[in-house]
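This report is meant for a reader who has not met the structure before. It goes through domains, the RNA surface, open and closed spaces, and a few single residues.

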Amino acid sequence: MALAPENQPLKEIPPKAADLSAWYTAVCIKAELVSYSPVRGCVVLRPYGFGLWENLQKELDARFKATGHENAYFPLLIPESLLTKEADHVEGFAPEVAWVTHGGSEKLTERLAIRPTSEVIIGTMYAQWVESYRDLPILINQWANVLRWEKATRPFLRTMEFLWQEGHTAHANAAEAREETLRMLEVYREFAETVAAIPVYSGAKSASERFPGAVETYSIEALMPDGKALQSATSHDLGQNFSKAYDIDFTDADGLIKHAYTTSWGMSWRMLGAMIMTHGDDRGLRIPPKLAPVEAVFVPIVRGGDDRAVQRAKELAAALRIEGFRVRVDDRDETPGYKYAHWELRGVPVRIEIGPRDVDAQNVVLVRRDKTRGDDDHKTVVSENALAGALRVALDGVHATLHAQALEFLGSHTFVLQDRAAFFAACKNRDGMIDIAWCGRAECEAHVKAETSATTRNTHPLRGGETTCIACGEPATQRAYFAQSY
RNA sequence: CGGGACGUAGCUCAGCUUGGUAGAGCGCUUGCUUUGGGAGCAAGAAGUCGCAGGUUCAAAUCCUGUCGUCCCGACCA
């Protein structure tokens, strides 16, 4: 039986369920988010993809400002002597650091690292800026690119150069630093849910998954359709490790010189990869409205030389822009069906069809990307003067659907297990997030990884009543989500 | 970094086994007709066959190397 036209798969991409990897790559390319570049492992972020990033920036940045942070910018290059001060940190990043060795044809006396992250250079500057407890806290964020020499790359999920933000703060005491770390973790969690429409598990990382040099690392973890977890943001309590290595010290109110407590936290364009995989379907992207470069696209229908709909669409679009909507009119000389498929592939949340009949009746037809024929509210006729309100409702509806579907998936693919054999099988099968009582020991985690290739994603407190680790039988100290990961 | 596969027109691919100097569909350009789910007709443009060597009278085709992409592992704030 033939599928209804709006339910047919696209020509450009394979079915999502058949091969997630192939689907993902095809969508990233065909929706014109990225292009491969002549540089191995580096992609070009095209205008439509950059539009996603800009919206992510706008939403996150507002949250950073609201929590008291300011933006600044630090150098791309880091002298080798600076990088090597914090032992764990250097060791952790050593294999991924790219080095500048020459200026022109002249060899440098000291190599310069291209930043894989900026704790070092920022810590060095903080050391100069901080003298008194009155100088604290320092709450700075930077939007930047970083470079890590990766072996296997994929658009957004892992590229050698990538865009991100990294927040770096310094505080007078440990409690305040921990509070900051957890505050920003919660900012990320809230962002993931309300902007990207992705439900996540947030919690502390195990010791082996910790950021090099951190006292404690927290993360938000999303679950992808193939059952693999995707770390979507991290927040680190660096304790005094970096302040000791980089001499960030200050005179406290009691007259004593003390080392500051620092934090760092970051989210990268990897979040966009999570969004693409979580929400996309066989027809392409489904972008949550708050991230969508185009929230609604007008497709005017011309009939028998009657092109009044084009002009009307432009007028209505102009009015919507004044209301703050990101809208576009597709007045190209293509058939409507072509345009429908074109914008569905690109994940535009709402399509607004307008033809001569609508112009006469002063109506438009709203079509939601999250609906297909058969759904009651797939297409709704809206009068022109009610358009702005109806569009708002439709966009909110799309977000709600995407979030609800993702939440349902996460819920139905999270397994609270009590049995050792079932636990190992689930990890190996890549069933999803496997939630067990855990001992917290690195040896146990390493064993599970060797047997199943799953690792802890993050941890959460015992509920009460658990006594032993499901994986190894030692005393349980916490609960952990195990999963294979990206 | 290991195992496997693949690089031919903007895209998807055929041609390679058995060397003889490059094709199809889609897309693109122009014109006309069209337009409520991927339009039709006509004409036209477009490829150093990833790159570099080698074998040969002759290489997209055979050999070697190299770069890139994809898949599976390893590694991975």
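A polar contact is a pair of N or O atoms within 3.5 Å; within protein, one of the two must be able to donate a hydrogen and the other to accept it. One such contact, of 2.8 Å, joins the side chains of Ser219 and Glu221. Ser219 belongs to strand β10, which covers residues 216-223. Ser219 counts as buried because its relative accessible area is 0%, and buried means under 20%. The model described here is predicted.

## Domains

The domain assignment of chain A gives domain 1 (20-279), domain 2 (296-402) and domain 3 (414-483). Between the C-alpha centres of domain 2 and domain 3 there are 48 Å.

## The surface near RNA strand B

There are 47 residues around RNA strand B, and those that come nearest are Arg148, Phe211, Pro212, Arg283 and Asp358. Of the atoms of RNA strand B that come within 4 Å of the protein, 46% belong to sugar and phosphate.

Three pairs of atoms can be named. A polar side-chain atom of Tyr36 lies 2.5 Å from a phosphate oxygen of RNA strand B. For Lys30, a polar side-chain atom is 3.3 Å from a sugar or linking oxygen of the strand. In Pro212 a polar backbone atom takes part, at 3.2 Å from a sugar or linking oxygen of RNA strand B.

Which elements supply at least two residues each of the surface near RNA strand B? They are α1 (20-30), β11, α10 (336-345), β17 (350-354) and α11 (356-361). The largest share comes from α10, with 6 residues. Sorted by class, this surface has 15 nonpolar, 10 polar and 22 charged residues.

## The largest pocket

The largest pocket holds about 1,200 Å³ of space. It is lined by 41 residues, and the closest to its centre are Glu96, Arg148, Arg158, Gln231 and Arg270. Two or more lining residues come from each of α4 (87-93), β8 (161-171), β11 (229-239), β14 (261-268), α14 (442-452) and β22 (455-460). Domain 1 and domain 3 each contribute at least three residues to the lining of this pocket.

Arg148 appears in both lists: it is among the residues that come nearest to RNA strand B, and among those closest to the centre of the largest pocket. Strand β11 likewise gives residues to the surface near the RNA and to the lining of the pocket.

## Closed cavities

Rolling a probe the size of a water molecule over the atoms shows where empty space is left. How many cavities of 30 Å³ or more are there? The count comes to 3.

The largest cavity has about 60 Å³ of space. Its lining consists of Glu119, Ile122, Gly123, Tyr126, His168, Thr169, Leu238, Phe242, Ile248, Thr262 and Thr263. Each of α5 (119-129), β8 and β14 supplies at least two of these residues, and α5 has the largest share with 4 residues.

The second largest cavity has a volume of about 50 Å³. Ile198, Pro199, Leu223, Thr278, Ala406, Phe409 and Leu410 form its lining. Helix α12 (residues 387-412) gives the most to this lining, 3 residues.

The table sets out the classes of residue in three linings.

| Lining | Nonpolar | Polar | Charged |
|---|---|---|---|
| Largest pocket | 14 residues | 15 residues | 12 residues |
| Largest cavity | 5 residues | 5 residues | 1 residue |
| Second largest cavity | 6 residues | 1 residue | no residues |

## Two exposed residues

Is Ala17 buried or exposed? With a relative accessible area of 81%, Ala17 is exposed, since exposed means over 50%. Ala17 is found in the segment before α1. Its C-alpha atom and that of Asp226 are separated by 8.6 Å, although the two residues are 209 residues apart along the chain.

Ala175 is placed in helix α6, residues 174-194. Ala175 is also exposed, with a relative accessible area of 57%. Between Ala175 and Val195, 20 residues apart along the chain, the C-alpha atoms are separated by 29 Å.

Methods: Residues are numbered from 1 along each chain as its sequence is written. Chains are lettered from A and ligands numbered from 1 in the order in which they are written. This is a predicted model: local features need pLDDT of at least 70, side-chain atom pairs count only at pLDDT 80 or more; totals for chains, interfaces and linings use all residues. Side-chain values use heavy atoms; hydrogens and water are left out. Buried means under 20% relative accessible area, exposed over 50%, partly exposed in between (1.4 Å probe, protein chains only). On a 1 Å grid over the protein atoms alone, a cavity is a set of points where a 1.4 Å probe fits but cannot get out, and a pocket is an open set with protein on both sides within 12 Å along at least five of seven lines; lining residues have an atom within 4 Å of a point. Grid points are joined across faces, edges and corners, and a volume is the space filled by probe spheres set on the points. Ala, Val, Leu, Ile, Met, Phe, Trp, Tyr, Cys and Pro count as nonpolar, Asp, Glu, Lys and Arg as charged, and the others, Gly among them, as polar. Domain bounds come from an automatic or database domain assignment. A residue is near a molecule or strand if one of its heavy atoms lies within 4 Å of it.
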